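User: Please take a close look at the contact between the chains of this model, and then set that part in the context of the fold around it. I would like one connected account.

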Amino acid sequence: MKKLFEKHFERTWLVIFLIMFVIIMIPFPFFYSETYIPAIGGIPSYIFGWFVHTAITFALIIVYYRMCMKRKEYHVYDEKNEEVTEGGEE
Amino acid sequence: MSEAIQPSPAPFYTVLAIYLGIMAFIGWYASRKTKNLGDFFVLSGKAGVIVSGIAYFSTQFSMGTFLGTPGTIFGVGYAGMAISVPGAVFCMILPALLIGRKLVTLGHEYGFLTMADYLTDRYHSRSMSGVLGVMMLFFLIPMMGAQIIGAGVIVHVFTGLPEWVGVVGMGVIVILYCMSGGMKGAMMTDVIQGSLMIGTAVVTFIVSVVMGGGFENINSTLQNMNESYLTFPGANGYMPWAYYVSNIVLWSFFTMGQPHLFTKFFTMKDHKTMFKAILLGTGGMFVSATLIEWAGVNGIASIQNIEKADQIVPMILQRGLNPFLASLFIAGIVAAGMSTIDGILVTTTGAVTRDIYQKIVNKKATDESVMKLSKVVTILIGLVVILFGVFQPGSIFEINLFAFSGMAVFVVPILFGMYWKKSTAPGAIAAVAVGVIALLSFTLIPEVKELAHGFHALFPATILGAVTMVIVSRLTQAPPQETIDRHFKLFQKG
């Protein structure tokens with residue numbers, strides 16, 4: 001698994017997010033329901049299904065961001081900007 | 001005027017005047033700091049996290065999101081929330097993964113300012129600029145028109161004045177500050193507007209729950225009225241599964257084709273900024289979309305007798321809060337419209353002045369003369385938008401969706417340009433032409449529409465565009481090797 005991320009970093013993450021993207025489209029009753037399944041306060045249960053899915057995807061974005069920040073190709077422009085800031089932004 | 005509308009003009013004018021005064025000051029301040037063409041169009045790639053994140057979501061979220069979508073959902077129920085909620089988390093991460101990361105790099109390396117800069121260089125053809133410019137005028141003017149119609153609705157609900165008054169008023173204000181501050185003014189005001197939008201979504205939601213007597217009460221009322229408000233495909237059958245899928249893809253994947261969002265990646269100062277902007281923007285989009293759309297559902301239980309569905313959110317605020325507070329939060333919706341119009345107006349002005357005039361009509365035009373021309377063009381486009389808003393050819397949501405879909409066809413040349421070395425300019429132009437014709441056919445001709453099996457017209461249009469791209473590119477000459485190298489070698493490993 002570690003090798004997969006090292007060798008095909010972008011592609012692996014793209015696949016992960018595409019899987020999450022496709023999962024939400026599958027008409028599971030907790031995402032898409034033609035019958036009324038009440039949850040807390042009578043709110044349809046699929047609303048909570050969307051929330052859980054969003055929370056997981058958002059957590060994955062944070063993990064992806066942290067992994068990217070450990071790679072040098074994502075820091076190419078950092079130094080340039082520091083120079084600009086030091087010399088005054090405008 | 002319907003009896004349901006209870007105008008409270010004095011507080012509305014007071015709050016709006018203060019709010020617009022602040023926006024005008026920012027526009028003036030930004031104009032003093034706008035020194036060159038790069039600043040005017042993309043803030044010279046210096047935008048930080050807060051500006052990039054909030055500007056992205058406040059440009060994408062519009063009157064459509066804050067008035068049109070809840071209005072549409074008002075007739076559907078919870079299923080209508082599928083328009084934005086399940087796909088909201090992908091709104092920025094998918095474009096960032098597929099194109100954003102590369103655009104930040106290309107913007108820094110080659111100084112691209114607009115989508116046309118990228119397409120013209122990648123396809124080694126100035127015709128790409130012209131095609132994009134014409135398409136932008138055709139589709140983005142209606143998109144701005146949809147926002148301005150929303151201003152009319154708000155002014156009508158809060159003052160009782162005819163809708164055209166709000167349309168003209170908002171049009172004039174946006175023209176003035178876009179003309180003076182360009183992208184810098186637009187993005188600085190976006191930050192305030194975006195924050196206000198989140199506040200408005202939260203307050204509208206809370207007010208709608210309180211008005212409805214709590215969740216239990218709202219949902220049992222909905223069940224008694226019609227249980228379809230709580231299930232798919234919704235009370236009027238609006239959201240069958242195919243359309244549920246369409247909406248998830250439409251408002252995330254296809255945002256890549258929107259020039260005003262595409263440009264935002266060029267403004268980001270580095271990749272770290274991009275990621276933080278994604279987190280901030282995604283959070284903002286999810287929270288505002290969920291709450292404002294949910295308020296539309298809650299409104300079904302407590303508000304009846306409205307003139308048109310687009311009025312639901314202003315009416316929730318008007319009935320649930322005192323006039324000053326209601327006016328303050330309605331300013332958040334005005335903000336949603338203004339931040340979308342300003343982003344698009346600056347981008348469309350760029351299409352005419354830089355992509356058509358400077359690149360095709362007068363190649364010797366200096367940046368200074370283009371800056372001057374930009375201000376005239378902003379006024380002219382703004383006036384056309386005002387006329388569009390006065391005549392109102394459809395509901396806010398319908399117009400917004402049509403315009404968004406039209407520009408989304410550009411996903412084909414963008415993705416092929418980034419991932420397929422053999423894609424050519426004739427292929428890209430043919431793909432856009434076929435895509436637009438297919439989009440119009442699958443939207444307007446009932447017999448053709450049936451062939452899409454309930455999916456949005458953009459799906460078959462994109463597939464046909466992609467097939468055309470492959471066929472025509474195979475038959476035509478690829479751009480020079482030097483161009484291909486410039487776009488692909490940067491991203492090769494090692």
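Analyst: Helices here are DSSP runs of H or I with at least four residues, numbered from the N terminus, and in those terms the elements of chain A run α-α-α-α from the N terminus on. The model is a predicted one, with an ipTM of 0.87 and a pTM of 0.85. The mean pLDDT of chain B is 84, and 88% of the residues of chain B reach 70 or more. Where pLDDT is low, predicted coordinates should not be read in detail.

The partners can be described before the contact itself. Chain A has four helices and zero strands, and of its 90 residues 17% count as buried. Chain B has 21 helices and, again, zero strands, while buried residues make up 63% of its 494 residues.

The contact between the chains takes 33 residues from chain B and 33 residues from chain A. On the side of chain B, the elements that give two or more residues are helix 5, helix 9 (215-225), helix 10 and helix 12 (271-302), and helix 12 of chain B gives the most, with seven residues. By class, this side of chain B divides into 20 nonpolar, six polar and seven charged residues.

Helix 12 of chain B deserves a closer look for its geometry. Its 32 residues should span 46 Å at 1.5 Å a residue, and because its end C-alpha atoms are 46 Å apart, the expected and modelled spans agree. Helix 12 of chain B is also mostly covered, with 26 of its 32 residues buried.

Helix 5 and helix 10 of chain B, both named at the contact with chain A, appear again at a boundary inside chain B. The domain assignment gives domain 1 (9-392) and domain 2 (409-494) of chain B, and the contact between them takes 22 residues from domain 1 and 25 residues from domain 2. Helix 5 (90-110), helix 6 (115-122), helix 7 and helix 10 (241-250) of chain B are the elements that give two or more residues to the domain 1 side, where helix 5 of chain B gives the most, with five residues. That side of domain 1 has 13 nonpolar, six polar and three charged residues.

Behind these surfaces is the nonpolar interior. The largest nonpolar core has 177 residues, and those with the most contacts inside it are Ala331(B) and Val409(B). Helix 7 (residues 127-159) of chain B supplies the largest share of this core, 18 residues, and the core draws at least three residues from each of domain 1 and domain 2 of chain B. Leaving out residues up to four places away in sequence, Val409(B) touches Gly257(B), Val432(B), Gly435(B), Val436(B), Leu439(B), Ala461(B), Thr462(B) and Gly465(B).

A single residue shows how distant parts of the sequence are brought together. Phe388(B) lies in helix 15 (residues 367-391) of chain B and counts as buried because 21 C-beta neighbours lie inside 10 Å, the cut-off being 20 or more. The C-alpha atoms of Phe388(B) and Ala146(B) are separated by 8.4 Å, although these residues are 242 apart along the chain. Leaving aside neighbours within four places in sequence, Phe388(B) is in contact with Ile141(B), Pro142(B) and Gly145(B). For chain B as a whole, 84% of the contacts between residues at least 6 apart in sequence join residues at least 24 apart.

Methods. Residues numbered from 1 in each chain as written. Chains lettered and ligands numbered in written order. Predicted model: local features only at pLDDT ≥ 70, side-chain atom pairs only at ≥ 80, totals over all residues. Core = buried A, V, L, I, M, F, W, Y, C linked by C-beta atoms within 7 Å. Buried ≥ 20, exposed ≤ 12 C-beta atoms within 10 Å, placed from the backbone. Domains from an automatic or database assignment. Contact = placed C-beta atoms within 7 Å. Nonpolar A, V, L, I, M, F, W, Y, C, P; charged D, E, K, R; others polar. Expected span 1.5 Å × (residues − 1). pLDDT = per-residue confidence, 0-100.
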